[in-house]
Amino acid sequence: MRLRFRTKLTILIGAILVAVQVIDFISVYTSTRQNALDQGRSQLTFARNIVNRQIDDLTTQLAEGVRVVTLDFGFREAIAVGDATTQRSVILNLKDRIAADRVILISLDEEIIVDTARKTPGTQLFPFPAMLDAAEEEGRAATIASFDNTLYRFVIVPVLAPRPIAWIGIGLEINDALASRLQTQATIPLDISFTSTSNGVQNLAATTLDTAKRQTFNTTIEDLAKATEPSFADMGGETYIVLASPIETGDKNSSVSVFLQYSVQDVISHTYSLLWSLVALLVGGLALALVGGFIMARGVSRPLHQLVAAADRVGKGDYRGAIDLNGNDEFGDLSATFNDMMRGIREREEKISYQARHDAVTQLLNRTAFIERLAE
């Protein structure tokens, strides 16, 4: 199929405009996405501070709850009596009052006297003696530690009468429910995971991730834990920005980390409205540009059509009618040149026709003219 020049020019202009718009969109999208990811990393670092503060607030709430109870004379007397049944009764009552998951009564000899997680008593040393020393100096001590293969937020406070007569350990289990609680208080839509390492084995203790992402995260914990800056990780077919934050445990044989996971989809979703506005602007600009291109192509092709029509007349021997393309551009120059060419051809043909019918010396009609007139 033969395409006219105007069509070709319109297609060329349209293709150039589309290419420019696509390049502009890709450039803006790339820079916008990168800015959003950079902002996501900053938000994740800020969220880490908030989560740590929330954990500290939980510690303060537990410690304050225990402090109020230990100020009660009856409670201190029950602890000082040393009767195992009485001690267990008041410790269980304390557990219910402060909504703790585990409460431990520890003697000054660092032996666990009462443990609400164990029904049968038994002699066992408290596994985190450094916490007792810190609590003695500062009035309380807190850490996140693995105890009996369960991760707890532990707070140790002394029972004073007026000198320390025992230690109370309050444990808040780090589980999926607590992770979800912290998640709802976050300023951005993130997932929170807690991991513990014991004897070189790293385990996932709690997370807000779904089952598929949880399994993927389990296989990448060790690599992610090594990163000191926010890094990218694929979990369950979705890309996340992940930031690991180690937590002091006071135990040389174990370590605990909290992982904050921010979905890239959530990060860049805030840019969708801007990108859609950009798309609408580009489409509108492209439409206007195409209309302008069509008009320009039509303006360029109209003089060419007139020149083609004039050339066709010349080919048929018609030299009448000059081309009227007044302008200070190349088309005006071309039309003037074409008119001069037609005028020159017409004058030469008239001269040849005159010489063919007249005598060169006398300028009278010759035999050819006589025969033509006779035939008429």
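Which residue in β7 stands opposite Ser198? In this predicted model, the residue facing Ser198 is Val201 of β7. Ser198 has a partner on another strand too: in β10, its bridge partner is Ser254. That makes Ser198 a handy place to start looking at strand β6, which covers residues 190-198.

Strand β6 pairs with two strands. With β10 (residues 254-263) there are 9 bridges, and the two strands run antiparallel. With β7 (residues 201-207) there are 6 bridges, again in an antiparallel arrangement. As for its surroundings, β6 is largely enclosed by the rest of the structure, because 8 of its 9 residues are buried.

Stepping back for a moment, the protein has 10 helices and 10 strands. Out of 376 residues, 37% count as buried. Contacts between residues 24 or more positions apart make up 51% of those with a separation of 6 or more.

Now for the nonpolar interior. The largest nonpolar core brings together 50 residues, and those with the most contacts inside it are Phe75, Ile91, Ile168, Ile170 and Phe194. Helix α1, spanning residues 5-70, supplies the largest share of this core, with 11 residues. Apart from this core lies another one, made of 15 residues, including Ile106, Ala145, Tyr152 and Trp167.

Ile170 is worth a look of its own. Leaving out residues up to four places away in sequence, Ile170 touches Leu62, Val66, Ile98, Ala100, Arg102, Arg153, Phe154, Val155 and Val157. Two of these names come up again in the empty spaces: Arg153 lines the largest cavity, while Val157 is one of the residues closest to the centre of the second largest pocket.

Next come the empty spaces themselves. Rolling a probe the size of a water molecule over the atoms shows where such space is left. A search of the whole structure turns up 1 cavity of 30 Å³ or more. The largest cavity holds about 30 Å³ of space. Around it sit Ile55, Leu58, Ile144, Arg153, Leu172, Ile174, Leu178, Leu182 and Phe194. The elements giving two or more residues to this lining are α1 and α5 (176-184). By class, the lining of the largest cavity has 8 nonpolar residues, no polar ones and 1 charged residue. Phe194, part of that lining, is also among the residues with the most contacts in the largest nonpolar core.

The second largest pocket has a volume of about 250 Å³. Its lining counts 15 residues, and Arg67, Gly139, Val157, Pro158 and Leu160 are the closest to its centre. Elements that give two or more residues here are α1, α4 (129-138), β4 (150-160) and β5 (164-173). Helix α1 provides the largest share of this lining, 4 residues. Sorted by class, the lining of the second largest pocket has 8 nonpolar, 2 polar and 5 charged residues.

Finally, there is Thr239, found in strand β9 (residues 238-247). Is Thr239 buried, exposed or partly exposed? With a relative accessibility of 35%, Thr239 counts as partly exposed, because that category lies between under 20% for buried and over 50% for exposed. Setting aside neighbours within four places in sequence, Thr239 is in contact with Phe232, Ala233, Asp234, Ser263 and Val264. Gln261 is 22 residues away along the chain, and the C-alpha atoms of Thr239 and Gln261 are separated by 9.5 Å.

Note on methods: Residues numbered from 1 in each chain as written. Predicted model: local features only at pLDDT ≥ 70, side-chain atom pairs only at ≥ 80, totals over all residues. Heavy atoms only, no water. Buried < 20%, exposed > 50% of the residue type's maximum accessible area, 1.4 Å probe, protein only. Pairing = 2+ DSSP bridges. Core = buried A, V, L, I, M, F, W, Y, C linked by side-chain atoms within 4.5 Å. Contact = heavy atoms within 4.5 Å. 1 Å grid on protein atoms, 1.4 Å probe; cavity = no way out; pocket = protein on both sides within 12 Å on 5 of 7 lines; lining within 4 Å. Points joined across faces, edges and corners; volume = space filled by probe spheres on them. Nonpolar A, V, L, I, M, F, W, Y, C, P; charged D, E, K, R; others polar.
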